[in-house]
Amino acid sequence: MNIYLEKMDNYILNKKKKPTPSQWQAISLSGCDILVSAAAGSGKTEVLSERISRKIANSRWDINRLLILTFTKAAAENMTERIENKIEEKLSITGKKEDIEFLKRQRLLMGESQISTIDSFCSNVLRKFYYLVEENIKDQTIYLSPNFKVLTDNTNLLQKSIDYVLEDFANRDEEEFSIFFNEYFTKYGDSLTKFLNNIYKKLLNIVNYRDYIEYKLIKNIEYCLGDIDYKKIYTLLEGISIDSVDSNFEIVIKAVKLYQKELSKLNDITNLLNDFEDNDNISEYNMIYIKKIFDSLDINEDIGSNVVVTNEYLENILANMKEYNSTKSNDLLSKLYNQLSELRIILKNLMTTQVYAKYLKRILLAIDDEFILRKRKDSYLDFSDLSHLTIKALEKEINGKKVCTEAALYYKNLFLEIYVDEYQDNNDLQEYILNLIRGDNSTFFRVGDVKQSIYGFRGSNPELFEEKYRKYNKITDYISDDIYDVSKDYKIDYSGEGICVILKENFRSEENILKTSNFIFNRLMYENNAGISYTLDNALYYPKVKPKGNSTIPTYLISSNEKGVTDEQLVHNIAKEILYILETSEDDIKFNDFAILFRNATGDFVSNIKSIIEQYGISVNYRDNDVFKNSHSVNIILNLLKFIDNQERDINLLILLRSAIFNYSNDELLALSMQSGKNLFKKISKSSKIKDINTANLLKKWINYSLNNSVIDTIKQIVIDTNFIEYLTTFEVNDLEVEYYENLLTIILEASKNNGNLSYVIEYLEYTLSSDISIEGKHTDNSVLCMSVHKSKGLEYKYVFLVGLDKDLNTNWYKQPIFSKEFGLAIKSEHSNLAKLYDIVFNFIHKKNIEEEIRILYVAFTRAEKGLYLVSRNMNLGTEFSNDENDKNHIINKAIKVKKYGELLNIVLEYYEREYLENINNITEQGAIFDYKELIEIPTVFEKHNLQVEDYSIFDKDYIEDNGENIIFIENPEDFNKRIYPAKTSYSALKNNSVKNNSNEYLKLKSLTKNNNALLRGNIVHKLFERLISDIKVGLIINDLVNYLKDLVQTDNLFINVKDKRILTKEEFDFINNEQDLYFINKFLENKILINLINNSVAIETEISFTTYISNTDIENIKNNKAEKFEIDGGETKTILQGVVDLLIKLDDNNYVVVDYKTDNLKLAKEFKERHKNQLLVYSNAISNFYGDNINIEKYIYSYTLGELIRVQ
């Protein structure tokens, strides 16, 4: 058999970025099955799309004769776009008419192409060959409807099926069910329905899972128990007391002899090892580990009960009975009864275990029956159905032999090559299906990185990849890298199952990230410790064609080798590091170049990270499921739908009336409750009050609309009627509430696809909200992304912080009966054989979990491009210095015992020695650099207290800024050299406060406690001037100021307020509706200089928030009124300065005007200049940093009390 490697043609040679030799081998190799082992960042997607487009263009394969499977829909869309672009590119450069016609035909065939997920492919198979599928459930034959609907979330329906089955069994009043039920809760005490849900979902990943439940699920338990009827023996001894031994003497002898006879049926657990070796589901590598577990067990030791029931043990009971029968000794009777009681307890435990296992099998099969019937009743297929029924469509059994159907033959003849992306994430079901459709003349092209297999909880099986990796010949076995020439064609005489091409070069990360990753995973994945190989072939290599950077960034540990470091301190250090990089990097770095990744964390954990980092002016993008579930969007929409569905639901209507949609006060609700009517809706419908009439009419409109329109359309109508989106924008700076609303619509849309009935949608929505859902959000350009490692897969960031390393590993599975596909069910028991089986399965599952945790760490490491940070309270870098092969063995022995994520790294890092790595022969980790990042103390941040003043006259130059900013006053200022400066503050805080620090104490603060009239006036003036500027710019002429202000007063309907930009509360209007304030506002409108600037501007912005940096020297200059110009000096510690520019006027690209509003009660313009010149300097500096240093900025203060625009030099 021959395989072929083509030479690079001119099209490839002329490309700006040509494939590497190994990439070209993967693209051009043909004639056999191919496995591409593609390291992270090695360009596998480009290789895959280029190969496919070449098969189309050069081999003249029609696109619809290729099956291209991706892991996600997004990846399928991306692959389709890539292939279309490549076809178009090839079409544009060819000059041959026949080529152009063929390529045009391929563009037309793109609509028939099969580029999809495996689930979508299965759905297409079933819609085409639905008539081949039939199911036999509870003596019913169910035929597949061609109009089936895909149930995207089966959680609710499965839970109902489980509840129904358990209730049905309970109502049967069967003794076995009571035994089953009591046995579970006695041993585990956890949710039975949760356990059944979990194990059933795992079973669905197995081919022919019903046969597995019937014949394999409890096979090993039955083997350990032997074919013994424990219940029969136990029943004979059950009611015997010490006083009834004599009267039941023959029955006791019968029971003991029966047990003695049955003991011959008990199996030796060591023989299980032979069964495991014959098990096709257990790989060679796993078998080695299983043997190690067996070797570690003392098979002759009873690790369960203290009593081992042997023939000798029973003979001793019979001897004692014989002696007692002749002597009638009371002492002997007591001894004999104790033996019988002990035996009875053992028998009862074995009987309950036996009943439990058999009954569990019955329950799982009953759940499956009920679940399928419920789904098929409404023509639903869930994702597991798509796979299992596709197998039914492709394969049938005739005379006990499985044969291909017409569907399988159709696809065998159709597909020329089958492409599988992210092959490491395939499961056994998917592998089985692909083998059924693979024709004799078709080949597989599988691409992936087994080191990134992290979806074991979904049933993925990395051993499928690893098995082929070990069995396939490597292309380098035929042509070494040293002699391979891309300008030559190769014809290779080949025999084997397939060829493996290895893509080693990582084009994503800097060299030190690759080397430090190799240092970690050369050890954690040593000798298949992560279920995979990590050899020189599997290590990460820096590309030969990629220039190296001028400097090396270490892989940093934000940690300490000493105790006492807190999580809070670590997060502050992350924030400071982000700001340091932004300030010092020569690259154009933005917030969205940073990612904070965690393995597994609660919403509170990540929310705390977010809140601390945002104190530094850093936007963090994180979608918390719990916040989503409790958001305004969900609360209002869900209660609206519930009310529309049933108008007698008073609680839902009450929530709506209290919401901002209708804005009912307590007094209004009390008055409404006094109306006649059997429910709240009847009461409001009968009311004669205008507000109630309007409310009732709107509610009736929505109810009637819902009768003839979909749920989604009904919601959209409500949104239009209430300006709901505008209302949501008032809650969050980053429009999170709007995104939550969009997520909610997505969930409702999914529900509506299954069933458009409003009641069903509500039920679906409630159940979905009660489960673990994934909330997707738009990644804004100016935010650090915070996410789980699983969500980061396939993404890349310049700088990555790996947090949560001090969290415990997941051990929830310990609390229930344990299950693995390889061994079936294992149950805690005092019986020796069962206890040993449980120990074997426990260790096996635990090992598999640790393996996946190691692979998850690998994924996290390989997301980073330039900088990688490991964040943990305690890490031991280089505490051990021996570095021989034995150390690797020590590491993998320690790995199986770790309890926290960070411990996996610690057990490797303690062997780090920089000098050793500089001289090591292994080039993949030669010169790897780790280093500690020096920890800072938690910065002392200025605490905020509201300024409360009585009137204008109380303002003194010691108390500046009455514009709504928070001000503090600090007692006993110390001299400059003893101060700690805040990490984040505002101008007013800097100007008016000194800082005390002599012993790292927190700042001692004193609130100003006077009434808040001046502060209230300052707030009103700022938002009123903002509205006035907007109206002036659009040409509005204000002739009647009082009526103008009245039109700005808010109504009871918040949505009208948002729509009409009603900014004043009634109290605020009353506060400024006086002769003095109206005079000051008119003076603002009459200021010709300001009005001319506004009218002549090309753009105006109001209330602009900014964040800039300022040095400690500049802080002191501000305090002493000596500031002239602020310079960014990389050598001095910086403080984040935040502020708000009241008005920025852009006259042209080079000229800007900054205006700050002041309500200080000063008498002279020069006093305003002196007091506020530094603040205007800070503001203009921030504007220059944003718009460019070469712009001209004029600075003004508008004094409310002087009615004057004051220029500040």
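Let's start with Asp-368, which counts as buried because its relative accessibility is 0%. Keep in mind that we are looking at a predicted model. Who is the partner of Asp-368 in a salt bridge? It is Arg-210, and the closest N and O atoms of the two are 2.6 Å apart. Asp-368 belongs to helix H17, residues 330-377, while Arg-210 belongs to helix H10, residues 209-215, so this pair ties together parts that are 158 residues apart in sequence. Arg-210 itself counts as partly exposed, because its relative accessibility is 30%.

If salt bridges are new to you, here is the basic idea. Side chains of opposite charge can pair when their charged atoms come close. How many salt bridges does this structure hold? The count is 65, and I have picked two more to show you.

The next one is between Lys-86 and Glu-50, where the closest N and O atoms are 2.9 Å apart. Find Lys-86 in helix H4, residues 73-93, and Glu-50 in helix H3, residues 44-57; they are 36 residues apart in sequence, so the salt bridge ties those two parts together. Are these two residues buried or exposed? Lys-86 has a relative accessible area of 6%, so it is buried. Glu-50 is at 2% relative accessibility, so it counts as buried too. The cut-off behind that word is a relative accessible area under 20%.

This pair also has company. Lys-15, Glu-46, Glu-50, Arg-82 and Lys-86 are linked in a network of salt bridges, so if you click on Lys-86 in your viewer, look for the other members as well.

For the third salt bridge, scroll along to Asp-1077. The side chain of Asp-1077 meets that of Arg-1017, at 3.2 Å from N to O. Asp-1077 is in helix H45, residues 1075-1085, and Arg-1017 is in helix H41, residues 1013-1033, so parts of the chain 60 residues apart in sequence are tied together here. Both of these residues are buried.

Staying with helices for a moment, let's visit Leu-103, in helix H5, residues 97-109. With a relative accessible area of 5%, Leu-103 is buried. What does Leu-103 touch, once we set aside residues up to four places away in sequence? The answer is Ala-57, Ile-87, Lys-90, Leu-91 and Thr-94. Take Ile-87 from that list: it is 16 residues from Leu-103 along the chain, and the C-alpha atoms of the two are separated by 6.6 Å.

Now for the rings. A pair of aromatic rings is described by the distance of the centres and the angle of the planes. This structure holds 48 aromatic pairs. Let's take Tyr-423 and Phe-465: their ring centres are 6.0 Å apart and their planes are at 40°, so we call the pair tilted. Tyr-423 is in the loop between strand S11 (417-420) and helix H20 (428-437), and Phe-465 is in helix H21 (residues 463-471), so the pair links distant parts of the chain, 42 residues apart. Tyr-423 is buried at 0% relative accessibility, and Phe-465 is buried at 0% as well.

Another tilted pair is made by Phe-662 and Trp-702, with 6.3 Å from centre to centre and 45° between the planes. Phe-662 sits in the loop between H27 and helix H28 (666-673), whereas Trp-702 is in helix H30 (residues 690-708), 40 residues apart. Phe-662 is buried at 6% relative accessibility, and Trp-702 is buried with a relative accessible area of 1%.

Rings can gather in groups, too. One aromatic cluster here is formed by Phe-121, Phe-129, Tyr-130, Tyr-131, Tyr-410, Tyr-411 and Phe-415.

Rings meet charges as well. Lys-474 lies over the face of Tyr-469, at 4.3 Å from the ring centre. Over the ring of Tyr-556 you will find the charged end of Lys-933, 4.3 Å from the centre.

Let me finish on the surface. Which residues make a nonpolar patch of about 230 Å²? They are Ile-651, Leu-654 and Ile-655. Ile-651 is found in helix H27, residues 650-658. Its relative accessible area is 52%, so Ile-651 is exposed; the cut-off for that word is over 50%.

How values were computed:
Residues are numbered from 1 along each chain as its sequence is written. This is a predicted model: local features need pLDDT of at least 70, side-chain atom pairs count only at pLDDT 80 or more; totals for chains, interfaces and linings use all residues. Side-chain values use heavy atoms; hydrogens and water are left out. Patches are made of residues with over 30% relative accessible area and no salt bridge: like charges are joined within 9 Å, nonpolar side chains (Val, Leu, Ile, Met, Phe, Trp, Tyr) within 5 Å. Accessible areas come from the Shrake-Rupley method with a 1.4 Å probe; for residues, only the protein chains shown count as cover. A salt bridge is a side-chain nitrogen of Lys or Arg within 4 Å of a carboxyl oxygen of Asp or Glu. Helices (H or I, at least four residues) and strands (E, at least two) are DSSP runs, numbered from the N terminus. Buried means under 20% relative accessible area, exposed over 50%, partly exposed in between (1.4 Å probe, protein chains only). Rings of Phe, Tyr and Trp (its six-membered ring) pair if their centres lie within 6.5 Å; planes under 30 degrees apart count as stacked, over 60 as edge-to-face and the rest as tilted. A charge sits over a ring if NZ of Lys or CZ of Arg is within 6 Å of the ring centre and within 35 degrees of the ring normal. Contact means heavy atoms within 4.5 Å.
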